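Here is a quick walk through the model, sheet by sheet and then into its hollows. Keep the structure open while you read.

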Amino acid sequence: MSDTVTETPFYYPGLEQYTEEELSKLGSVAIACEAPLVKADRIAYVLFERPDLDQQETFLLDFGLVTYENTDNALFMRGCDDQPYCFVALKGDTPRYLGCGFFVDSREELQTLAEAGENASPIEPLSWPGGGERVRMHDPDGFIVDVIYGRNTVEPLAHREEPLPVNTPNNKARINQGQRREFAPSKVVRLGHVAMMATDYARSIKWYTKHLGILLSDNLCLHDGTPTLSFTRLDRGDKPADHHTLAIAGGPLPMVMHVAFETVDIDEIGQGQQYLKTKGWDHHWGIGRHILGSQVFDYWRDPYGTEFEHYADGDVFTADQPAGHAFFDQGGLWQWGDDYPVAQPPELPEEMLQPEPRKDYLMKWQKALGRFARPWLK
């Protein structure tokens, strides 16, 4: 009898290449985390350093964000929701990701972090638009994590709140009416999530669980069952939370992989894609639909190479949804759409491969990324 599995309740392209033994290891390695100090309710903003704020603003306007404030030293961009900003760029010589911010529901939670958080600042006023207060921390790789309370809201911007009416074979919702979209940027409603790489996956998962109360939605594992990428959501109890607000992947370098912004539907994404193409921006990947999280996606690169995602129709979970487990490979990235831009795993310099346990982990990481699950990628 062959040791290759051909049937499984959860299938994605290439899963049949794994053995019974490998499949049995999915979910077998758990990371022990402390009880959270607080439970973040929403993501507030992403924070970057940029040499040219006007150039950054031009891309983001074409991407579908709206300028709230652009000064000599800082750029604040918003979506159509009631928040004054969800993207911040500070003037600086080095184009880099600095960190992100999250909301909590009470000042008492800020006080808890200020007193018990690792290297946490005291509660301090937030001088950016909308005010509020924050506690500033740094995660294990040095990225800023601001936790804020009391920021003022603003008037939402007009946008289409429902998908366009769709004619199906048995239900004609649109009669004597064509389907036409204005040629314009996508209407971005809000910031959805950040995907980042951490040099020590387990340490980062523990840190974010303790300081934000994240929950595991889906774990991606190496072939021996070791988790190496987690899609994590915020613990909002019985209120639905996005499948992931923070995706954390283990890897050789600390970096942001992409930031994602929600739109109302695939038509908003598709029309926005056409608009960005006419402006000459760098298209990375899409349109397609992910497997984990289920969202329709389209990825672009800004002038500094950072990936920005438009998405729609993502999964939402309540706190009682158990974690899922899958393998860390390219086969699980998308259900349908354009092929993922093929890139071989990077060659890692010897200094990154020390000590020996790190070398063993990164060698398995390289092997997993090198598994091109779809035949047309070989």
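## Ground rules

Two strands count as paired if DSSP finds at least two bridges between them. Helices (H or I, at least four residues) and strands (E, at least two) are DSSP runs, numbered from the N terminus.

This is a predicted model, so to speak of a local feature takes pLDDT of at least 70 and a side-chain atom pair counts only at pLDDT 80 or more, while totals for chains, interfaces and linings use all residues. Residues are numbered from 1 along each chain as its sequence is written, and side-chain values use heavy atoms, with hydrogens and water left out.

## The ten-stranded sheet

Start with the open sheet of 10 strands, which has mixed pairing and runs in the order β21-β12-β13-β15-β11-β16-β19-β18-β17-β22. Its edges are β21 (324-327) and β22 (336-337); each has a single partner strand, so one side of each lacks a neighbour in the sheet. Further in, β11 (residues 190-198) and β15 (residues 246-250) run parallel and are joined by 5 bridges. Across that pair, Met 196 stands opposite Ile 248 in β15.

Two helices pack on this sheet. Helix α2 (residues 53-63) touches β16 (255-262), β18 (296-301) and β19 (307-312), and its direction makes about 20° with that of β19. Helix α5 (residues 266-278) touches β17 (282-289), β18, β19 and β22, at about 20° to the direction of β18. Contact here means heavy atoms within 4.5 Å. The axes are lines fitted to C-alpha atoms, for helices over the stretch in contact, and the angles run from 0 to 180 degrees between N-to-C directions.

## Around β18

β18 is worth a stop of its own. On one side, 6 bridges join β17 to β18 in an antiparallel pair, where Gly 288 has Phe 297 of β18 as its bridge partner. The hairpin of these two strands has 6 residues between them, and Gly 293 there takes a positive phi near 100°.

β18 also runs antiparallel to β19, again with 6 bridges, and Trp 300 has Phe 308 in β19 as its bridge partner. This hairpin has 5 residues between its strands, with Gly 305 in the turn at a positive phi of about 90°. How many of the residues of β18 are buried? The count is 5 of its 6 residues, so to speak of β18 as mostly covered is fair. Buried means under 20% relative accessible area, exposed over 50%, and partly exposed in between (1.4 Å probe, protein chains only).

Back in helix α5, we find Thr 278. Its relative accessibility is 52%, so Thr 278 counts as exposed. The C-alpha atoms of Thr 278 and Asp 62 are separated by 9.9 Å, with these positions 216 residues apart along the chain.

## The eight-stranded sheet

The other open sheet has 8 strands in the order β2-β3-β4-β1-β5-β8-β7-β6, also with mixed pairing. β2 (66-70) and β6 (124-125) sit at its edges with a single partner strand each, so one side of each has no neighbour in the sheet. β3 (residues 74-78) and β4 (residues 87-91) pair in the antiparallel sense over 4 bridges, and Met 77 has Phe 87 of β4 as its bridge partner.

Helix α2 turns up here too, touching β1, β2, β3 and β4, with its direction at about 10° to that of β3. Helix α4 (residues 201-212) packs on the sheet as well, touching β5 (96-103), β7 (133-138) and β8 (144-149), at about 15° to the direction of β8. As for β1 and β4, they pair in the parallel sense over 5 bridges, with Lys 91 in β4 as the bridge partner of Arg 50.

## HollowsA search of the whole structure finds 2 cavities of 30 Å³ or more. On a 1 Å grid over the protein atoms alone, a cavity is a set of points where a 1.4 Å probe fits but cannot get out; a pocket is an open set with protein on both sides within 12 Å along at least five of seven lines, and lining residues have an atom within 4 Å of a point. Grid points are joined across faces, edges and corners, and a volume is the space filled by probe spheres set on the points. The largest cavity has a volume of about 70 Å³, and its lining includes His 193, His 243, Gly 293 and Tyr 311.

The second largest pocket holds about 310 Å³ of space. Of its 19 lining residues, Arg 42, Ile 43, Arg 190, Leu 191 and Asp 242 are the closest to its centre. β1 (42-50), β11 and β14 (241-242) each supply at least two residues of that lining.
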